[in-house]
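Dear colleague,

Here is the structure I promised to pass on to you. Below it you will find my notes on what was found in it, set out so that you can follow them with the model open.

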Amino acid sequence: MRKLLILAAATIGLSGVAQAADITGAGATFPFPIYSKWAEAYKKETGIGLNYQSIGSGGGIRQIKAKTVAFGATDAPLKGEDLAKDGLIQFPTVMGGVVPAINIAGIDARQLKLTGPLIAEIYMGTVKKWNDPKIVALNPGLKLPDANITPVYRSDGSGTTFVFTDYLSKVSADWKSKVGTNTSVQWAVGIGGKGNEGVSASVKQVANSIGYVEYAYAKQNKLSYALIQNADGQFPDPDDKSFQAAAANADWNAAPGFGISLNNQKGAEAWPITAATFLLVHAKPEKPEEVGAALKFVDWAFKNGDKLALDLEYVPLPATVKDQVRASWKGVTDPAGKPIF
């Protein structure tokens, strides 16, 4: 992960001053690893860099509304009325999965099994120990410690939190009524970490902890993670195939700005916490050349970035969805009303 972050800082200007030609963006930490990889390859090919601030979806939404960046990035899609009110166009770029990363001595990745309702109880503080009978019953033969569970959550406004709490609201009536779905919620127990990076670091440091992170972060940080029972009662591995399975029957036109949920989808191979991540641009930008450069970057990634995405366990959008996204860009126009892309 350290190597990736150093690379990202060098290629997308996280710690430096962007050149005049660089594209500016800010927001979600969920897609940060793949945006870093795409940016490195794009700069080699075009000489144009990407100055992307990985500050969380809430920050990305604030910055695009304030018109301080060419695009904002969010994992929590805005609703149609909000897009219309702020004059924004929203579209997905890539898909991925959220996993429950764990730090339990002697338990490796994919050994522990959990259900959605159990995860909800852990984060609500009603299941407090790893050897709780409910967890033991799901994991016969697994040596679980008599240790208090430390849940780790996002302390910032977070699209990953939106995806995670949306999933828990779908599988737990208690969670839905008492906590709900949002980019930031009132956590009953646990400790906070900023960004997927911060949650990953906290889980790695705190014994007997559990945290929700985008799968690439768990993989790069060599974190163990639990399997989750899906809507068909199965425990699939989180990978590109199970993320694709979750998105297989998605109706991308079911919500404005492609803002659909891929959580808790039917299918034996479907990973239960799967999501797309989105970009936001102004429909009538004050600096159309900057937004045009951002759309060219995304178009390049759609054409050339699938393998890089798969290497990091993200899932490229289906070709038909990419075409729908490109069609939506016709709504992004210059002052004369001419489409920028």
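Asn264 is partly exposed in this predicted model, because its relative accessible area is 25%, and buried would require a value under 20%. Asn264 sits in the loop between helix H11 (240-247) and S11, and although Asn264 is not a glycine, its phi is positive, at about 55 degrees. Lys67 can be read alongside it: Lys67 is likewise not a glycine and has a positive phi of about 65 degrees. Its loop is the one between helix H3 (57-65) and strand S3 (71-74), and Lys67 is partly exposed, with a relative accessible area of 46%.

Before the details, a word on confidence. The mean pLDDT of the protein is 93, and 94% of its residues reach 70 or more. Residues 1-20 are another matter, since pLDDT stays under 50 over that stretch. For residues 1-20 the model nevertheless has 38 contacts beyond four places in sequence. Where pLDDT is low, the predicted coordinates should not be read in detail.

Two helices come next. Helix H2 (residues 32-46) has 15 residues, which at 1.5 Å a residue should span 21 Å, and its end C-alpha atoms are 20 Å apart, so the two values agree. The buried residues of H2 include Phe32, Pro33, Ile34, Tyr35 and Ser36, and Trp38, Ala39, Glu40 and Tyr42 are buried in H2 as well. After H2 comes Gly47, whose phi is positive, near 85 degrees.

Helix H7 (159-171) has 13 residues and reaches 19 Å from its first C-alpha to its last, close to the 18 Å expected at 1.5 Å a residue. Is H7 largely enclosed by the rest of the structure or largely open? It is largely enclosed, because 10 of its 13 residues are buried. Among those buried residues are Gly159, Thr160 and Thr161, together with Val163, Phe164, Thr165 and Asp166, and further along H7 Tyr167, Leu168 and Ser169.

Turning to open spaces, the largest pocket has a volume of about 430 Å³. Of the 24 residues that line it, the closest to its centre are Ala76, Pro77, Leu78, Lys79 and Phe162. H7 is one of the elements that each supply at least two residues of this lining, and the others are helix H4 (80-86) and strand S11 (274-282). S11 gives the largest share of the lining, with 4 residues. By class, the lining of the largest pocket divides into 13 nonpolar, 7 polar and 4 charged residues.

The second largest pocket has a volume of about 180 Å³, and Lys67, already described for its positive phi, is one of the residues that line it. Others in this lining include Thr24, Ile64, Thr68, Val69 and Ala70, and also His282, Pro285, Glu286, Lys287, Glu290 and Val291. This lining divides into 5 nonpolar, 3 polar and 4 charged residues.

There are also closed spaces, and the structure holds 2 cavities of 30 Å³ or more. About 50 Å³ of space lies in the largest cavity, which is lined by Tyr35, Trp38, Leu50, Phe71, Thr93, Leu279, Phe297 and Val298. H2 and helix H12 (288-304) each supply at least two residues of this lining, and of the residues named, Tyr35 and Trp38 are among those buried in H2. The lining of the largest cavity has 7 nonpolar, 1 polar and no charged residues.

The second largest cavity has a volume of about 40 Å³. Its lining is formed by Trp38, Thr93, Val94, Ala301, Phe302, Asp306, Ala309, Pro316, Leu317 and Lys322. Strand S4 (88-103), H12 and helix H13 (306-311) are the elements that give two or more residues to it. Its residues divide into 7 nonpolar, 1 polar and 2 charged.

One last residue deserves a look. Gln205 lies in helix H9 (residues 195-205) and is exposed, with a relative accessible area of 66%. The C-alpha atoms of Gln205 and Asn103 are separated by 8.2 Å, while the two residues are 102 residues apart along the chain.

With best wishes

Note on methods: Residues are numbered from 1 along each chain as its sequence is written. This is a predicted model: local features need pLDDT of at least 70, side-chain atom pairs count only at pLDDT 80 or more; totals for chains, interfaces and linings use all residues. Side-chain values use heavy atoms; hydrogens and water are left out. Buried means under 20% relative accessible area, exposed over 50%, partly exposed in between (1.4 Å probe, protein chains only). On a 1 Å grid over the protein atoms alone, a cavity is a set of points where a 1.4 Å probe fits but cannot get out, and a pocket is an open set with protein on both sides within 12 Å along at least five of seven lines; lining residues have an atom within 4 Å of a point. Grid points are joined across faces, edges and corners, and a volume is the space filled by probe spheres set on the points. Ala, Val, Leu, Ile, Met, Phe, Trp, Tyr, Cys and Pro count as nonpolar, Asp, Glu, Lys and Arg as charged, and the others, Gly among them, as polar. The expected span of a helix is 1.5 Å times one less than its number of residues. pLDDT is the predictor's confidence in each residue, from 0 to 100. Contact means heavy atoms within 4.5 Å.
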